[in-house]
Every structure is written in C-alpha cells, then in structure tokens.
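Me: Please take a close look at a single part of this structure, the place where its domains face each other. I should like one connected account, with the criteria stated.

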Amino acid sequence: VPMVAPGNVQVHVINSTLAKVHWDPVPLKTVRGHLQGYKVYYWKVQSLSRRSRRHVEKMILTFRGNKTFGMLPGLEPYSSYKLNVRVVNGKGEGPASPEKVFKTPEGVPSSPSFLKITNPTLDSLTLEWGSPTHPNGVLTSYTLKFQPINNTHELGPLVEIRIPANESSLILKNLNYSTRYKFYFNAQTSVGSGSQITEEAVTIMDE
C-alpha cells in the first residue's frame, strides 16, 4: 500500500452545502504501485443549531488519477465537519492525512413543522406552530401573511406580521366574523426566508 499521506490539505467552503478540498499530490515513488486516485473521507461532527450527538456516518468520495482537488456536495448548512485524504493504489489505501475541521455557514430554514388554527370566535383565531425540523441556522423571526377569501374565492388584501423567533402561538384579533382566511407562514434565518406552510380557517358566524 502507499507509504505517505497527501500533504497541505485545504478546505474552501463555497456555500452552506458545498465545499472544495485541495491537497498536494504524494511523490510517485511513495505510491509503491499504480496511482489510482485519492479518497476524501468526510463526516458531520455536529449541527451548530442543535447540540445533539448522533451516529457519525462517514462519507467517501473517490477522485480518479492524479487530481489534487475535489468538490464535496450535499453538505448540511450550519454544521461542523471533519475530513481527511488518502492516496489509493491497486493494493489499497495509504495513511490518512491529518484531519481538517471546517464549518458550513447558515442556510434558509425548512418550513415550520406545523401550523394549527384553533379557538375560532366572532373576530379572532388562535394560531399555534412548530419550529422548522431543519433550522439550518439561528432562527431570527417568523413571517405570517393572511388574507380573507370571499364566497367567489377572490382574495382580499394581504396583511403581513413579523413574529419573534421564540414565540410559538399568536391570537389574531379584529378579524371579520363568518369569514374564511388563508394563512401563509414561514421562518427566517439571517440568510433569508424558508419555504412556507399554508392553512385556511373560518371565524364563526354568531356566538
């Protein structure tokens, strides 16, 4: 098997899901056989938004021939990763390079996990929601938009409300009685808005 590990391993994080890794080729005489390529082992150490440790799954990408760089796609935003690089010949792999740690930046969150509308009265509705399953960063706020829908399915004026990220319910007041409303709800990180969840509900006709 090869005798030495690739040196000078560098990681360049391109965005929240993609990184580029560079290395110096090993001297050919240390390959001790036919140079087949380089393998990059990489794995997620932890999510930076949740401190949960989980089963670490190592991912391996093989770059054929005498390449000295490779792309690592499909990374999770706002996470800490480790990687190492090894050279490969027909017999097997050489020793691993020293591990490099890198972090991906924040991305936009997934949609809120649920939106539930309860307690209809003549002029109010109660909204409850769950935070996104994948925040992909630090949540900064939620945005609620809503508008009335009339009997011919025409949409009325759109109202927009910003809600602090630590809230999980809201009572909407001063609504029209016996009116159907459509709601659009999403979460934000400093990068931007995630995908929205929609729901409809009706205020009651009379007490």
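Reply: The following account concerns the interface between the domains.

This is a predicted model, in which local features need pLDDT of at least 70 and side-chain atom pairs count only at pLDDT 80 or more, while totals for chains, interfaces and linings use all residues. Residues are numbered from 1 along each chain as its sequence is written, and side-chain values use heavy atoms, with hydrogens and water left out.

The domain assignment, which is automatic or taken from a database, gives domain 1 (7-104) and domain 2 (112-202). Their centres, taken over C-alpha atoms, are separated by 42 Å. In contact (heavy atoms within 4.5 Å) are 4 residues of domain 1 and 6 residues of domain 2.

Between them, domain 1 and domain 2 bury about 390 Å², with 52% of it on carbon and sulfur atoms; buried area is the accessible area (1.4 Å probe) that two parts lose on being put together, summed over both. Of the area that domain 1 buries against domain 2, 79% comes from Arg50, Pro77 and Tyr78, more than from any other three residues.

By class, the side of domain 1 that touches domain 2 has 2 nonpolar, 1 polar and 1 charged residues. Here Ala, Val, Leu, Ile, Met, Phe, Trp, Tyr, Cys and Pro count as nonpolar, Asp, Glu, Lys and Arg as charged, and the others, Gly among them, as polar.

Across the interface of domain 1 and domain 2, the rule finds 0 salt bridges, a salt bridge being a side-chain nitrogen of Lys or Arg within 4 Å of a carboxyl oxygen of Asp or Glu.
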